[in-house]
Amino acid sequence: MSVEEYWSKINHASAKVSSLISSYWHEHSDWTSWQFWIILTCLILPLIVLLIKLDKGKALQILFFGYTVHMLWTYTEIILIRLGLMDHHYFLLPFLPQAIGITSSFLPVSFMLLYQYFI
């Protein structure tokens, strides 16, 4: 099979998976479910806490550390999902990474506040 045929099959399968994920989200994980609101809270609430508690004098250092934690957890999560070792049944939006509330906000803010406390 040629490279173009492989990519054609991959793109076709990806479009089908995207359609299935979108349908699943509309039926089981949209804004009418309580899980959606928990995920949204896990995304917004830690950021509000960070705005209040962040040491402004060391903000760049602390925020860069949080960005690093965010990127490492996001890439790890993507790898684990692609390998079939982890899955999230509820997510914020169908086109965003599945655990965006946790990998973009909850974990990085937790690590940033710990880092700020110990430096």
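Begin with helix 1, which contributes six residues to the lining of the largest pocket, the most of any element. The model in view is predicted. Helix 1 spans residues 3-29, and helix 3, spanning residues 59-82, likewise supplies at least two residues of this lining.

Next, display the pocket itself, which encloses about 520 Å³ of space. Among its 17 lining residues, select Val17, Ile21, Ile81, Arg82 and Gln98, the closest to the pocket centre. Colouring the lining by class gives eleven nonpolar, four polar and two charged residues.

Now select helix 3 alone. Its 24 residues reach 34 Å from the first C-alpha to the last, close to the 34 Å expected at 1.5 Å a residue. Show the side chains of Ile62, Val69, His70, Thr74 and Glu77, which are among the buried residues of helix 3, as are Ala59 and Gly66. Add helix 4, residues 100-118, which is part of what covers these buried residues. Following helix 3, select Gly84, where phi is positive, near 80 degrees.

Turn then to the largest nonpolar core. Its seven residues are Trp25, Phe36, Ile39, Leu43, Phe91, Leu92 and Ile100. Helix 2, residues 34-53, gives the most to this core, with three residues. Within the core, centre the view on Ile39; neighbours within four places in sequence aside, Ile39 is in contact with Tyr90, Phe91, Leu92 and Gly101. Apart from this core lies another, of six residues, including Ala59, Ile62, Val109 and Met112. Two of these, Ala59 and Ile62, also appear among the buried residues of helix 3.

Technical notes:
Residues are numbered from 1 along each chain as its sequence is written. This is a predicted model: local features need pLDDT of at least 70, side-chain atom pairs count only at pLDDT 80 or more; totals for chains, interfaces and linings use all residues. Side-chain values use heavy atoms; hydrogens and water are left out. On a 1 Å grid over the protein atoms alone, a cavity is a set of points where a 1.4 Å probe fits but cannot get out, and a pocket is an open set with protein on both sides within 12 Å along at least five of seven lines; lining residues have an atom within 4 Å of a point. Grid points are joined across faces, edges and corners, and a volume is the space filled by probe spheres set on the points. Helices (H or I, at least four residues) and strands (E, at least two) are DSSP runs, numbered from the N terminus. Ala, Val, Leu, Ile, Met, Phe, Trp, Tyr, Cys and Pro count as nonpolar, Asp, Glu, Lys and Arg as charged, and the others, Gly among them, as polar. A nonpolar core is a set of buried Ala, Val, Leu, Ile, Met, Phe, Trp, Tyr and Cys residues joined through side-chain atoms within 4.5 Å. Buried means under 20% relative accessible area, exposed over 50%, partly exposed in between (1.4 Å probe, protein chains only). Contact means heavy atoms within 4.5 Å. The expected span of a helix is 1.5 Å times one less than its number of residues.
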